[in-house]
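Q: I am new to this structure and would like a close look at a single part of it. Could you take me through the sheet, strand by strand where you can, and then show me what lies around it?

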Amino acid sequence: MRRNIVHIGASELKYEIREITELGHEVAAVSGRPITWENIGDPVQKGETVPDWIKAIVARTAMQNAAYAYCPTRGLASTREFLAAHLNARGKVQISPDDIVFFNGLGDAINKIYSLLRHEARVIGPSPSYSTHSSAEAAHAGSSPIVYRLLPERGWMPDLEELRNRVKYNDSIAGLMIINPDNPTGAVYPPDVVRHMVSIARDYDLFIIADEIYTNLVYGPNGYAPLSDLVEDVPAISLKGISKELPWPGARCGWMEVYNQASKPMFRRYVRSILDAKMLEVCSTTLPQMIIPEVYADPRYQTWKSERNAFFARRAQQAIDLLSDCPGVVLNRPNGAFYLSVVFADDVTGNHALRIGDRRIEDVVRRRCPPGIQPDRKFCYELLGARDLCVVPLSSFVCELRGFRSTLLERDDAVFERTYRTLAEAITEFVGSA
Ligand SMILES: Cc1ncc(COP(=O)(O)O)c(C=O)c1O
(Lines give C-alpha, C1' and ligand atoms only; values in the text may rest on other atoms or scores of the structure.)
Protein backbone atom coordinates (compact mmCIF):
# COMPACT_ATOMS: atom_id res chain seq x y z
CA MET A 1 0.00 0.00 0.00
CA ARG A 2 1.27 3.51 -0.61
CA ARG A 3 1.20 4.28 3.11
CA ASN A 4 1.88 2.08 6.11
CA ILE A 5 -1.60 1.75 7.56
CA VAL A 6 -0.59 -0.34 10.57
CA HIS A 7 -0.76 1.44 13.94
CA ILE A 8 2.59 1.81 15.70
CA GLY A 9 1.24 -0.16 18.65
CA ALA A 10 -0.42 -2.95 16.66
CA SER A 11 2.02 -5.62 17.81
CA GLU A 12 1.23 -4.85 21.47
CA LEU A 13 -2.37 -6.06 21.11
CA LYS A 14 -2.28 -9.57 22.53
CA TYR A 15 -4.89 -11.48 24.53
CA GLU A 16 -3.58 -14.96 25.14
CA ILE A 17 -6.52 -15.70 27.48
CA ARG A 18 -8.62 -16.10 24.35
CA GLU A 19 -5.91 -16.87 21.76
CA ILE A 20 -4.94 -20.09 23.51
CA THR A 21 -8.42 -21.45 22.80
CA GLU A 22 -7.45 -21.77 19.12
CA LEU A 23 -4.90 -24.41 20.03
CA GLY A 24 -7.41 -25.99 22.42
CA HIS A 25 -9.95 -26.40 19.64
CA GLU A 26 -7.29 -27.81 17.28
CA VAL A 27 -6.27 -30.38 19.89
CA ALA A 28 -9.91 -31.31 20.59
CA ALA A 29 -10.60 -31.71 16.86
CA VAL A 30 -7.80 -34.28 16.62
CA SER A 31 -8.33 -36.08 19.95
CA GLY A 32 -12.14 -36.06 19.90
CA ARG A 33 -12.01 -35.32 23.66
CA PRO A 34 -13.41 -32.23 25.39
CA ILE A 35 -11.07 -29.62 26.84
CA THR A 36 -11.38 -28.40 30.43
CA TRP A 37 -11.26 -24.63 30.02
CA GLU A 38 -9.45 -22.90 32.84
CA ASN A 39 -8.36 -19.93 30.77
CA ILE A 40 -11.15 -17.42 31.17
CA GLY A 41 -12.70 -15.65 34.15
CA ASP A 42 -16.33 -16.22 33.25
CA PRO A 43 -18.19 -17.58 36.30
CA VAL A 44 -21.28 -18.42 34.23
CA GLN A 45 -19.32 -20.45 31.69
CA LYS A 46 -17.84 -22.40 34.62
CA GLY A 47 -21.25 -23.43 35.90
CA GLU A 48 -22.28 -20.68 38.31
CA THR A 49 -26.00 -19.91 38.18
CA VAL A 50 -27.15 -16.34 38.49
CA PRO A 51 -29.66 -16.36 41.42
CA ASP A 52 -33.30 -16.48 40.44
CA TRP A 53 -34.06 -13.22 42.30
CA ILE A 54 -31.52 -11.36 40.11
CA LYS A 55 -32.90 -12.98 36.97
CA ALA A 56 -36.40 -11.93 38.08
CA ILE A 57 -35.24 -8.30 38.37
CA VAL A 58 -33.67 -8.53 34.90
CA ALA A 59 -36.84 -10.10 33.48
CA ARG A 60 -39.13 -7.46 35.04
CA THR A 61 -36.84 -4.69 33.81
CA ALA A 62 -36.81 -6.14 30.32
CA MET A 63 -40.60 -5.61 30.22
CA GLN A 64 -40.15 -1.84 30.60
CA ASN A 65 -40.07 0.13 27.40
CA ALA A 66 -37.26 2.33 28.72
CA ALA A 67 -34.91 -0.67 28.69
CA TYR A 68 -34.93 -0.51 24.89
CA ALA A 69 -34.06 3.18 24.63
CA TYR A 70 -30.71 4.98 24.51
CA CYS A 71 -29.68 6.42 27.85
CA PRO A 72 -27.55 9.50 28.63
CA THR A 73 -23.92 9.17 27.56
CA ARG A 74 -22.66 9.11 31.16
CA GLY A 75 -25.25 6.45 31.98
CA LEU A 76 -28.67 6.47 33.63
CA ALA A 77 -28.92 9.35 36.09
CA SER A 78 -30.80 7.28 38.71
CA THR A 79 -28.11 4.58 38.71
CA ARG A 80 -25.26 7.09 38.93
CA GLU A 81 -27.08 8.87 41.78
CA PHE A 82 -27.44 5.55 43.59
CA LEU A 83 -23.75 4.65 43.13
CA ALA A 84 -22.51 8.10 44.12
CA ALA A 85 -24.69 8.13 47.27
CA HIS A 86 -23.46 4.63 48.18
CA LEU A 87 -19.83 5.73 47.86
CA ASN A 88 -20.33 9.05 49.64
CA ALA A 89 -21.93 7.26 52.57
CA ARG A 90 -18.52 5.72 53.34
CA GLY A 91 -17.50 9.20 54.47
CA LYS A 92 -14.23 9.36 52.55
CA VAL A 93 -13.73 10.84 49.06
CA GLN A 94 -16.95 12.47 47.82
CA ILE A 95 -18.21 12.34 44.23
CA SER A 96 -21.20 13.60 42.30
CA PRO A 97 -23.23 11.46 39.88
CA ASP A 98 -21.42 13.30 37.06
CA ASP A 99 -18.13 11.79 38.23
CA ILE A 100 -19.43 8.42 37.01
CA VAL A 101 -19.44 7.26 33.38
CA PHE A 102 -20.79 3.92 32.15
CA PHE A 103 -19.11 1.80 29.49
CA ASN A 104 -19.89 -1.36 27.59
CA GLY A 105 -17.85 -3.40 30.02
CA LEU A 106 -14.52 -2.37 31.48
CA GLY A 107 -12.88 -3.60 28.29
CA ASP A 108 -14.46 -0.57 26.61
CA ALA A 109 -13.45 1.76 29.47
CA ILE A 110 -9.86 0.51 29.52
CA ASN A 111 -9.50 0.97 25.78
CA LYS A 112 -10.69 4.58 25.97
CA ILE A 113 -8.68 5.47 29.08
CA TYR A 114 -5.38 4.59 27.46
CA SER A 115 -6.10 5.58 23.86
CA LEU A 116 -7.05 9.10 24.96
CA LEU A 117 -3.85 9.69 26.86
CA ARG A 118 -1.36 11.95 25.19
CA HIS A 119 1.01 9.77 23.16
CA GLU A 120 4.10 10.36 25.31
CA ALA A 121 2.33 10.04 28.68
CA ARG A 122 2.81 6.59 30.15
CA VAL A 123 1.03 4.59 32.85
CA ILE A 124 3.09 2.20 34.95
CA GLY A 125 1.29 -1.04 35.77
CA PRO A 126 1.91 -4.26 37.65
CA SER A 127 3.80 -7.29 36.34
CA PRO A 128 2.12 -9.71 36.01
CA SER A 129 -0.83 -7.66 34.80
CA TYR A 130 -4.26 -8.31 33.33
CA SER A 131 -3.31 -7.99 29.69
CA THR A 132 -6.17 -5.76 28.54
CA HIS A 133 -4.54 -2.93 30.54
CA SER A 134 -0.94 -3.59 29.57
CA SER A 135 -1.75 -4.15 25.89
CA ALA A 136 -3.96 -1.06 25.61
CA GLU A 137 -1.36 1.10 27.37
CA ALA A 138 1.52 -0.25 25.28
CA ALA A 139 -0.47 0.08 22.06
CA HIS A 140 -1.26 3.71 22.89
CA ALA A 141 2.45 4.42 23.42
CA GLY A 142 3.70 2.20 20.58
CA SER A 143 6.20 0.78 23.02
CA SER A 144 6.46 -2.07 25.52
CA PRO A 145 4.69 -1.70 28.88
CA ILE A 146 6.40 0.00 31.84
CA VAL A 147 5.95 -2.16 34.91
CA TYR A 148 6.57 -2.63 38.62
CA ARG A 149 6.94 -6.16 39.88
CA LEU A 150 4.53 -8.09 42.07
CA LEU A 151 6.64 -10.45 44.17
CA PRO A 152 5.46 -14.07 44.51
CA GLU A 153 7.91 -14.63 47.37
CA ARG A 154 6.16 -11.82 49.27
CA GLY A 155 2.59 -12.98 48.71
CA TRP A 156 2.38 -11.08 45.39
CA MET A 157 2.77 -7.70 47.07
CA PRO A 158 4.12 -4.93 44.83
CA ASP A 159 7.80 -4.04 45.00
CA LEU A 160 7.17 -0.53 46.31
CA GLU A 161 10.80 0.49 46.24
CA GLU A 162 11.09 -0.46 42.58
CA LEU A 163 7.83 1.34 41.86
CA ARG A 164 9.07 4.52 43.50
CA ASN A 165 12.38 4.38 41.63
CA ARG A 166 10.79 3.68 38.25
CA VAL A 167 8.49 6.64 38.73
CA LYS A 168 11.26 8.88 40.05
CA TYR A 169 13.64 8.25 37.16
CA ASN A 170 11.15 8.18 34.27
CA ASP A 171 9.30 11.44 33.92
CA SER A 172 7.17 10.14 31.05
CA ILE A 173 5.19 8.23 33.70
CA ALA A 174 2.02 10.21 34.34
CA GLY A 175 -0.19 7.50 35.83
CA LEU A 176 -0.03 4.54 38.21
CA MET A 177 -2.24 1.53 37.62
CA ILE A 178 -3.34 -0.84 40.38
CA ILE A 179 -5.53 -3.94 40.13
CA ASN A 180 -6.96 -4.72 43.55
CA PRO A 181 -8.07 -7.48 44.17
CA ASP A 182 -5.70 -8.64 41.49
CA ASN A 183 -5.98 -10.60 38.29
CA PRO A 184 -3.95 -12.84 37.66
CA THR A 185 -2.52 -13.39 41.16
CA GLY A 186 -5.58 -13.34 43.45
CA ALA A 187 -3.66 -10.95 45.74
CA VAL A 188 -5.45 -8.36 47.86
CA TYR A 189 -3.32 -5.41 48.93
CA PRO A 190 -3.77 -4.36 52.55
CA PRO A 191 -4.71 -0.67 52.98
CA ASP A 192 -1.17 0.30 54.02
CA VAL A 193 0.23 -0.95 50.71
CA VAL A 194 -2.35 1.06 48.76
CA ARG A 195 -1.67 4.11 50.97
CA HIS A 196 2.00 3.80 50.06
CA MET A 197 1.12 3.68 46.35
CA VAL A 198 -1.14 6.70 46.77
CA SER A 199 1.74 8.56 48.42
CA ILE A 200 4.02 7.74 45.46
CA ALA A 201 1.35 9.11 43.11
CA ARG A 202 1.04 12.25 45.25
CA ASP A 203 4.81 12.77 45.50
CA TYR A 204 5.29 12.61 41.72
CA ASP A 205 2.04 14.26 40.64
CA LEU A 206 0.58 11.13 39.00
CA PHE A 207 -3.03 10.11 38.61
CA ILE A 208 -4.14 6.62 39.65
CA ILE A 209 -6.13 4.07 37.68
CA ALA A 210 -7.50 1.43 40.06
CA ASP A 211 -9.19 -1.55 38.47
CA GLU A 212 -11.57 -2.63 41.23
CA ILE A 213 -13.81 -4.97 39.26
CA TYR A 214 -13.24 -7.59 42.01
CA THR A 215 -13.93 -5.16 44.87
CA ASN A 216 -16.72 -7.36 46.25
CA LEU A 217 -14.76 -10.58 45.88
CA VAL A 218 -12.48 -10.51 48.92
CA TYR A 219 -12.18 -13.51 51.23
CA GLY A 220 -8.66 -13.58 52.70
CA PRO A 221 -7.34 -12.50 56.09
CA ASN A 222 -5.64 -9.32 54.76
CA GLY A 223 -7.59 -6.15 55.34
CA TYR A 224 -9.05 -4.56 52.23
CA ALA A 225 -10.36 -1.10 51.46
CA PRO A 226 -11.42 0.32 48.10
CA LEU A 227 -9.32 3.13 46.67
CA SER A 228 -12.07 5.64 47.49
CA ASP A 229 -11.29 5.14 51.21
CA LEU A 230 -7.57 5.76 50.75
CA VAL A 231 -7.11 8.14 47.85
CA GLU A 232 -7.54 11.40 49.83
CA ASP A 233 -6.65 14.27 47.46
CA VAL A 234 -4.96 12.36 44.61
CA PRO A 235 -6.73 12.40 41.22
CA ALA A 236 -7.89 8.91 40.34
CA ILE A 237 -10.16 6.71 38.27
CA SER A 238 -11.68 3.61 39.84
CA LEU A 239 -13.11 0.98 37.50
CA LYS A 240 -16.00 -1.20 38.62
CA GLY A 241 -18.52 -3.46 36.94
CA ILE A 242 -21.06 -6.26 37.17
CA SER A 243 -19.26 -8.86 35.01
CA LYS A 244 -17.74 -10.71 37.92
CA GLU A 245 -20.00 -10.00 40.83
CA LEU A 246 -23.57 -10.59 39.69
CA PRO A 247 -22.11 -12.35 37.69
CA TRP A 248 -23.20 -11.01 34.31
CA PRO A 249 -20.19 -10.67 31.99
CA GLY A 250 -22.41 -10.87 28.93
CA ALA A 251 -24.17 -7.65 29.99
CA ARG A 252 -21.02 -5.72 28.99
CA CYS A 253 -21.56 -3.19 31.76
CA GLY A 254 -18.92 -1.39 33.81
CA TRP A 255 -18.29 2.15 34.98
CA MET A 256 -15.57 4.54 36.04
CA GLU A 257 -15.72 6.68 39.15
CA VAL A 258 -13.52 9.76 38.99
CA TYR A 259 -12.04 11.09 42.22
CA ASN A 260 -10.67 14.58 42.81
CA GLN A 261 -11.02 15.89 39.30
CA ALA A 262 -11.76 19.41 40.52
CA SER A 263 -8.26 19.77 41.93
CA LYS A 264 -6.37 19.26 38.64
CA PRO A 265 -7.56 21.07 35.50
CA MET A 266 -5.44 18.87 33.22
CA PHE A 267 -6.84 15.68 34.74
CA ARG A 268 -10.32 17.15 34.44
CA ARG A 269 -9.72 17.90 30.75
CA TYR A 270 -8.47 14.36 30.16
CA VAL A 271 -11.54 12.87 31.86
CA ARG A 272 -13.73 15.15 29.74
CA SER A 273 -12.09 13.73 26.60
CA ILE A 274 -13.05 10.21 27.72
CA LEU A 275 -16.66 11.35 28.08
CA ASP A 276 -16.51 13.09 24.69
CA ALA A 277 -15.24 9.87 23.08
CA LYS A 278 -18.11 7.96 24.67
CA MET A 279 -20.49 10.62 23.34
CA LEU A 280 -19.43 9.76 19.80
CA GLU A 281 -20.78 6.29 20.52
CA VAL A 282 -23.98 7.76 22.06
CA CYS A 283 -24.12 5.62 25.22
CA SER A 284 -23.65 2.20 26.80
CA THR A 285 -26.29 -0.53 26.96
CA THR A 286 -29.26 0.64 29.03
CA LEU A 287 -30.84 -2.48 30.56
CA PRO A 288 -27.97 -3.66 32.80
CA GLN A 289 -27.63 -0.14 34.22
CA MET A 290 -31.33 -0.16 35.12
CA ILE A 291 -31.05 -3.21 37.38
CA ILE A 292 -28.02 -2.08 39.43
CA PRO A 293 -29.80 -0.06 42.19
CA GLU A 294 -32.45 -2.72 42.71
CA VAL A 295 -29.95 -5.59 42.88
CA TYR A 296 -27.47 -3.82 45.16
CA ALA A 297 -30.18 -2.55 47.52
CA ASP A 298 -31.84 -5.96 47.80
CA PRO A 299 -31.25 -7.50 51.26
CA ARG A 300 -30.43 -10.80 49.52
CA TYR A 301 -27.41 -9.21 47.85
CA GLN A 302 -25.22 -9.17 50.99
CA THR A 303 -26.07 -12.80 51.86
CA TRP A 304 -25.36 -13.86 48.30
CA LYS A 305 -22.05 -11.99 48.32
CA SER A 306 -20.94 -13.62 51.60
CA GLU A 307 -21.87 -17.10 50.34
CA ARG A 308 -19.93 -16.59 47.14
CA ASN A 309 -16.88 -15.33 48.99
CA ALA A 310 -17.03 -18.35 51.32
CA PHE A 311 -17.16 -20.58 48.22
CA PHE A 312 -14.04 -18.97 46.72
CA ALA A 313 -12.21 -19.08 50.06
CA ARG A 314 -12.88 -22.83 50.13
CA ARG A 315 -11.79 -23.26 46.51
CA ALA A 316 -8.59 -21.29 47.16
CA GLN A 317 -7.66 -23.56 50.06
CA GLN A 318 -8.56 -26.73 48.11
CA ALA A 319 -6.39 -25.64 45.18
CA ILE A 320 -3.43 -24.89 47.43
CA ASP A 321 -3.87 -28.22 49.27
CA LEU A 322 -3.96 -30.13 45.98
CA LEU A 323 -0.83 -28.38 44.64
CA SER A 324 1.12 -28.21 47.88
CA ASP A 325 3.38 -31.20 47.19
CA CYS A 326 4.45 -30.00 43.74
CA PRO A 327 8.19 -29.52 43.46
CA GLY A 328 9.79 -26.42 41.95
CA VAL A 329 6.90 -23.96 42.26
CA VAL A 330 5.98 -20.91 44.34
CA LEU A 331 2.35 -20.96 45.50
CA ASN A 332 0.27 -18.22 47.12
CA ARG A 333 -3.25 -18.76 48.37
CA PRO A 334 -5.55 -16.27 46.60
CA ASN A 335 -7.31 -13.78 48.91
CA GLY A 336 -9.59 -12.19 46.36
CA ALA A 337 -10.89 -12.36 42.78
CA PHE A 338 -10.94 -15.98 41.55
CA TYR A 339 -7.55 -16.74 40.05
CA LEU A 340 -4.48 -18.61 41.19
CA SER A 341 -1.04 -18.02 39.72
CA VAL A 342 1.60 -20.73 40.06
CA VAL A 343 5.25 -19.74 39.46
CA PHE A 344 7.93 -22.16 38.29
CA ALA A 345 11.39 -22.00 39.82
CA ASP A 346 14.03 -20.19 37.73
CA ASP A 347 15.70 -23.43 36.64
CA VAL A 348 12.64 -24.57 34.66
CA THR A 349 13.59 -24.11 31.02
CA GLY A 350 12.44 -24.90 27.50
CA ASN A 351 14.13 -28.31 27.86
CA HIS A 352 11.39 -29.40 30.23
CA ALA A 353 8.51 -31.20 28.58
CA LEU A 354 5.31 -33.16 29.07
CA ARG A 355 4.78 -36.48 27.27
CA ILE A 356 1.91 -36.18 24.83
CA GLY A 357 1.83 -39.72 23.49
CA ASP A 358 -0.49 -39.33 20.49
CA ARG A 359 1.68 -38.44 17.49
CA ARG A 360 -1.02 -36.39 15.72
CA ILE A 361 -1.68 -34.25 18.78
CA GLU A 362 2.02 -33.88 19.35
CA ASP A 363 2.38 -32.47 15.80
CA VAL A 364 -0.37 -29.89 16.46
CA VAL A 365 1.25 -28.78 19.73
CA ARG A 366 4.86 -28.78 18.51
CA ARG A 367 3.93 -26.46 15.62
CA ARG A 368 3.19 -23.85 18.33
CA CYS A 369 6.44 -24.49 20.20
CA PRO A 370 9.31 -23.01 18.17
CA PRO A 371 12.85 -23.14 19.59
CA GLY A 372 13.27 -20.48 22.28
CA ILE A 373 9.59 -20.49 23.32
CA GLN A 374 9.10 -19.48 26.96
CA PRO A 375 8.98 -22.62 29.13
CA ASP A 376 5.62 -21.71 30.68
CA ARG A 377 4.04 -21.24 27.27
CA LYS A 378 5.42 -24.64 26.31
CA PHE A 379 3.98 -26.12 29.52
CA CYS A 380 0.52 -24.70 28.80
CA TYR A 381 0.50 -25.88 25.18
CA GLU A 382 1.75 -29.36 26.13
CA LEU A 383 -0.79 -29.49 28.96
CA LEU A 384 -3.50 -29.03 26.35
CA GLY A 385 -2.03 -31.82 24.23
CA ALA A 386 -1.25 -34.21 27.08
CA ARG A 387 -4.11 -33.62 29.54
CA ASP A 388 -6.89 -31.73 27.68
CA LEU A 389 -6.59 -28.86 30.15
CA CYS A 390 -6.30 -25.17 29.22
CA VAL A 391 -4.56 -22.66 31.53
CA VAL A 392 -2.83 -19.40 30.61
CA PRO A 393 0.97 -18.89 30.69
CA LEU A 394 2.12 -16.17 33.09
CA SER A 395 4.46 -14.83 30.41
CA SER A 396 1.36 -13.60 28.56
CA PHE A 397 0.60 -11.28 31.51
CA VAL A 398 3.64 -8.99 30.84
CA CYS A 399 5.81 -11.01 33.12
CA GLU A 400 9.38 -12.31 33.35
CA LEU A 401 8.24 -14.99 35.76
CA ARG A 402 7.34 -18.37 34.31
CA GLY A 403 4.18 -20.08 35.45
CA PHE A 404 0.48 -20.16 34.72
CA ARG A 405 -2.89 -18.84 35.82
CA SER A 406 -5.87 -21.07 36.53
CA THR A 407 -9.23 -20.22 38.07
CA LEU A 408 -11.21 -21.13 41.18
CA LEU A 409 -14.50 -20.96 39.31
CA GLU A 410 -15.41 -24.59 38.69
CA ARG A 411 -18.67 -25.30 40.56
CA ASP A 412 -18.56 -29.08 40.29
CA ASP A 413 -16.48 -30.42 43.20
CA ALA A 414 -15.37 -33.56 41.37
CA VAL A 415 -14.31 -31.64 38.25
CA PHE A 416 -12.48 -29.06 40.36
CA GLU A 417 -10.57 -31.75 42.24
CA ARG A 418 -9.75 -33.65 39.04
CA THR A 419 -8.50 -30.44 37.40
CA TYR A 420 -6.14 -29.55 40.24
CA ARG A 421 -4.94 -33.16 40.62
CA THR A 422 -4.18 -33.16 36.89
CA LEU A 423 -2.30 -29.87 37.28
CA ALA A 424 -0.30 -31.28 40.19
CA GLU A 425 0.68 -34.37 38.17
CA ALA A 426 1.58 -32.28 35.14
CA ILE A 427 3.71 -29.82 37.15
CA THR A 428 5.53 -32.72 38.81
CA GLU A 429 6.20 -34.38 35.45
CA PHE A 430 7.28 -31.14 33.75
CA VAL A 431 9.58 -29.93 36.52
CA GLY A 432 11.17 -33.37 36.85
CA SER A 433 11.60 -33.94 33.12
CA ALA A 434 14.99 -32.36 32.37
C1 LIG B 1 -8.98 -6.90 36.20
C2 LIG B 1 -10.03 -6.93 35.13
N3 LIG B 1 -10.48 -5.78 34.61
C4 LIG B 1 -11.40 -5.75 33.65
C5 LIG B 1 -11.93 -6.92 33.13
C6 LIG B 1 -12.93 -6.83 32.01
O7 LIG B 1 -14.19 -6.68 32.52
P8 LIG B 1 -15.48 -6.43 31.61
O9 LIG B 1 -16.21 -7.72 31.52
O10 LIG B 1 -16.26 -5.39 32.37
O11 LIG B 1 -15.01 -5.94 30.28
C12 LIG B 1 -11.49 -8.15 33.63
C13 LIG B 1 -11.99 -9.41 33.05
O14 LIG B 1 -11.52 -10.48 33.30
C15 LIG B 1 -10.52 -8.16 34.66
O16 LIG B 1 -10.06 -9.29 35.16
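A: Let's start with one pair of residues: Ile124 has Leu176, in strand 6, as its bridge partner. This is a predicted model, so please read the pairing as part of a prediction. The two strands involved are strand 3, residues 122-127, and strand 6, residues 173-179; they run parallel and are joined by three bridges. As background, strands of a sheet pair through backbone hydrogen bonds, either parallel or antiparallel.

Stepping back, strands 3 and 6 belong to an open sheet of eight strands with mixed pairing, and the order across it is 2-9-8-7-6-3-4-5. At the edges stand strand 2 (100-103) and strand 5 (157-158); each has a single partner strand, so one side of each is left without a neighbour in the sheet.

Now for the wider setting. The domain assignment gives two domains: domain 1 covers 10-48 + 301-431, and domain 2 covers 69-297. Their C-alpha centres lie 27 Å apart. Where the domains meet, 35 residues of domain 1 are in contact with 35 residues of domain 2. On the domain 1 side, the elements that give two or more residues are helix 1 (16-31), helix 11 (299-323) and strand 11 (339-344). Helix 11 provides the largest share of that side, six residues. Sorted by class, the side of domain 1 that touches domain 2 has 21 nonpolar, seven polar and seven charged residues.

Notes. Residues are numbered from 1 along each chain as its sequence is written. This is a predicted model: local features need pLDDT of at least 70, side-chain atom pairs count only at pLDDT 80 or more; totals for chains, interfaces and linings use all residues. Domain bounds come from an automatic or database domain assignment. Two residues are in contact if their C-beta atoms, placed from the backbone, lie within 7 Å. Helices (H or I, at least four residues) and strands (E, at least two) are DSSP runs, numbered from the N terminus. Ala, Val, Leu, Ile, Met, Phe, Trp, Tyr, Cys and Pro count as nonpolar, Asp, Glu, Lys and Arg as charged, and the others, Gly among them, as polar. Two strands pair if DSSP finds at least two bridges between them.
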